[in-house]
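Let's take a walk through a protein model, starting with its cysteines and ending with a sheet. Keep the 3D view open as you read.

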Amino acid sequence: MQYSVVQKKEVNKTATLRFDAEYFEPKYLKIIEMIEKKSKDFISLDQLGLKIDASAFYPALEPYYNEGNLPFIRVQDTDIKIDYDNCIKIPETITQNPDFSTLKITNLGDIVITKGGSIARVGFIKKKSAVCRDLIFLNASILPNFEYKFLYIYCLSYIYKDLLIRSSSMTAQPHLTITLVKDIPIYNPKQDFKIFMASLFDKIIELDGLINSNYKNAEKILLNELGIQNWQPKHELSYVKNFSDVNSANRYDAEYFQPKYDEIIEKIKSYPNGWNTIGNLFDQNRDSFIVKKDDKYKYIEIGSINTSNGEITFEEVQGNDLPANAKIKLHTSDILISKVRTYRGAVAVVENSDYIGSGAFTVLHEKLNSQINKETLYTFFKLKPILDLTLKYNTGTSYPTITDE
């Protein structure tokens, strides 16, 4: 069991009079103690000359989605880097529209932080972008480039992320507030150290570009091989199906029988070298485990997967704090596939056996001598036509999911 002994005067110091146990977890107190010992090395955002801001809520923007070229960044697009390839695009002329006068525009070098949904994700702005209400951003672009690159690296550190999470509202749906985020101390080392870290950042960007280019090439090869490289879904308003089809599928909703899904399935089934089902080529990992309350676990939930590149960011959780949905003992080379519509595209390959996974994944493992390897399956599940096809199998309404079967 972990516990902290805190004096009442320490509770009274908190800006929001927090006295919940989570706020005073030992890991947070250790960070605060370290910062206090090195206080001369930490400064505030005000001392850096930075402002922190957020957009208003704009449901009226929805009709303009994908009607332009200005990236509109949301929570699901933000996780270490921004998913510019798959984010919504809006017309740039909107920025001159008085109805959207408080829509925030970011520039190269700015930093965004998710404040709602999956909180405390950090993203680096690489191009002019609009941001949604669930992102707060730092106007770091006003700093020299080595300064904003170092600040971004610091924002990715466990120190900053833990302090962000500590400042959040501990409710059913935690949120960050601008006021409290503004007060989080910023590490400010000597300039030569910042320049060195910025050079590492540039190397990471270079390698990331190479990885992204190679992946896009793999995706293109697979689309061409399947003959669906130019597939454009057409949503039909009406169509006719036999009662026998409805009866055998045990589904009565119109969405399930959309002809566009049949087009993809027929393309796959007409592949010259044959086809098979995933269930025949991969085993499902259903391994459970016994929770030891005092042990720490590396937990992976849906929000832990970067939907643009499959990177996994685990959360270290003590056994007695594991959520009820922490169900699966993961193994090296397992493939995680999200079953939740909001995070469809959260697909990843597990690199070691230290993780515990959420039941919101279907977890697959390559069979010995399988015709299809895990890398091909990963690429297959990331293809836009296949992501669209998975929507056919959704069940539920307010929280659509797809079953393991």
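Is Cys155 buried or exposed? Cys155 counts as buried, at 1% relative accessibility. Here, buried means under 20% relative accessible area, exposed means over 50%, and partly exposed is in between, using a 1.4 Å probe and protein chains only. Cys87 counts as buried too, with a value of 4%.

Before going on, a word on what you're looking at: this is a predicted model, where local features need pLDDT of at least 70, side-chain atom pairs count only at pLDDT 80 or more, and totals for chains, interfaces and linings use all residues. Residues are numbered from 1 along each chain as its sequence is written, and side-chain values use heavy atoms, with hydrogens and water left out.

Now, do cysteines make you think of disulfides? A disulfide is a covalent bond between the sulfur atoms of two cysteines; the cut-off here is a pair of cysteine sulfur atoms within 2.5 Å. Search the whole structure and you'll find zero of them. Why does Cys87 not form a bond? Its closest cysteine sulfur is in Cys132, and at 11 Å that is too far. Cys155 also has Cys132 as the home of its closest cysteine sulfur, but the 18 Å between the sulfurs is too far for a bond.

Next, find the open sheet, where four strands run in the order S15-S14-S19-S16 with mixed pairing. Strands (E, at least two residues) are DSSP runs, numbered from the N terminus, and two of them pair if DSSP finds at least two bridges between them. The edge strands, S15 (315-318) and S16 (326-329), each pair on one side only. S16 pairs with S19 (residues 355-358) in the antiparallel sense, over three bridges. Look at Ile328, for example: its bridge partner in S19 is Gly357.
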